[in-house]
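Me: Before we go through the labels attached to this model, I would like each one to be justified from its value and its criterion. Could you take them in turn?

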Amino acid sequence: PIGGAASGNFTFRLAATNKMADTALGIEAPMGQDVLEMKIKTKVLLVSRIYYQSQYFVNSGSVPPKVRQKTTYTVVWELSNFSNNVSSVLVETFLGPNVSWEGSFTPKNAKISYNNELRKVVWNVGTLSAGTGFSRPIKQVVFQIALTPAQDQISQLALLIGQTKMAGIDEFASSSITSATEPIYSNLPDDPTINNQGIVQP
């Protein structure tokens, strides 16, 4: 279990004693001991959700989305971390076709940016402390995007964001940590208030 700020950095230790039988005395004499130690990697949980109704921003526009009409949405990213500090943490995604970055995000000190040329959103988390989301508050960033569907998207679900991917370095185990979530479409599977109304209308 994870205790407090000092918890984490788990090591699995296996010791084996080598013995040699002394047939003259009928006993086994220890010859030495082999010890294997393995540093246990942490596990980072990444959550990516999109809502039309949210407590963070007031969204507007048609639900279901309509061609050439702008609908805004709220994207919520959350990170939890079990046991070891993870450094150089980055979370990123690409916006779908006809989806725009609205420039609103919270908390205001979050290091989140948008590359218009690449259409990529990047959250520079830095170090994710052991116990985040358990003995420490969850790490979260929230931002707003907008969809203005084109004619060729009629009768389809619109892709809002592609896969959300996280990467970082486990400082204790000295190994890379990655996680990813599925793309999210305009039917908003995590927002029950829109009743799966995501098909683009004329």
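Reply: Gladly; this is a predicted model, and a first pairing to look at is that of Ser 100, which stands opposite Ala 146 in β9.

Me: What makes β6 and β9 paired strands?

Reply: Two strands pair if at least two bridges are found between them, and β6 is joined to β9 (residues 139-147) by five bridges, with the two strands running antiparallel; the criterion is therefore met.

Me: Which sheet do these strands belong to, and what makes β3 and β6 its edges?

Reply: They belong to an open sheet of four strands in the order β3-β4-β9-β6, in which the pairing is antiparallel. Both β3 (44-51) and β6 (99-106) have a single partner strand, so one side of each is left without a neighbour in the sheet. From one strand to the next, the twist averages 25°.

Me: How do you know that β5 and β11 are paired?

Reply: The same kind of count applies, since at least two bridges are required, and β5 (residues 86-94) and β11 (residues 164-170) pair in the antiparallel sense over five bridges. Within this pairing, Ser 87 has Ile 169 of β11 as its bridge partner. Both strands are part of an open sheet of five with the order β7-β8-β5-β11-β12 and antiparallel pairing, where β7 and β12 (175-181) are the edge strands, each pairing on one side only.

Me: Why is the contact between Glu 78 and Arg 49 called a salt bridge?

Reply: The label requires a side-chain nitrogen of Lys or Arg within 4 Å of a carboxyl oxygen of Asp or Glu, and for Glu 78 and Arg 49 the N to O distance is 3.8 Å, so the pair qualifies. Glu 78 lies in strand β4 (residues 71-81) and Arg 49 in strand β3, so the salt bridge ties together parts that are 29 residues apart in sequence.

Me: What makes Arg 49 part of a network?

Reply: Arg 49 also forms a salt bridge with Asp 190, at 3.9 Å from N to O, and in this way Arg 49, Glu 78 and Asp 190 are linked in a network of salt bridges. Asp 190 lies in the segment after β13 (184-185), so its pairing with Arg 49 in β3 connects parts that are 141 residues apart in sequence.

Me: Why is Glu 78 called buried, and what is Arg 49 called?

Reply: Buried means under 20% relative accessible area, and Glu 78 has 16%, so it is buried. Arg 49, at 28%, counts as partly exposed, because that class runs between the limits of 20% and 50%.

Me: How do you know that Lys 70 and Glu 102 form a salt bridge?

Reply: Their closest N and O atoms are 2.8 Å apart, and the limit is 4 Å, so the criterion is satisfied. Lys 70 lies in the loop between β3 and β4 and Glu 102 in strand β6, so this pair joins parts that are 32 residues apart in sequence.

Me: What makes Leu 45 eligible for a nonpolar surface patch?

Reply: Patch residues need over 30% relative accessible area and no salt bridge, and Leu 45, which lies in strand β3, has a relative accessibility of 33% and counts as partly exposed. With Phe 82 and Phe 134, Leu 45 makes a nonpolar surface patch of about 240 Å².

Terms used. Residues numbered from 1 in each chain as written. Predicted model: local features only at pLDDT ≥ 70, side-chain atom pairs only at ≥ 80, totals over all residues. Heavy atoms only, no water. Axes fitted to C-alpha atoms, helices over the stretch in contact; angles between N-to-C directions. Patch = residues over 30% accessible without salt bridge, like charges linked within 9 Å, V, L, I, M, F, W, Y side chains within 5 Å. Areas by Shrake-Rupley, 256 points an atom, 1.4 Å probe, with all protein chains shown as cover. Buried < 20%, exposed > 50% of the residue type's maximum accessible area, 1.4 Å probe, protein only.
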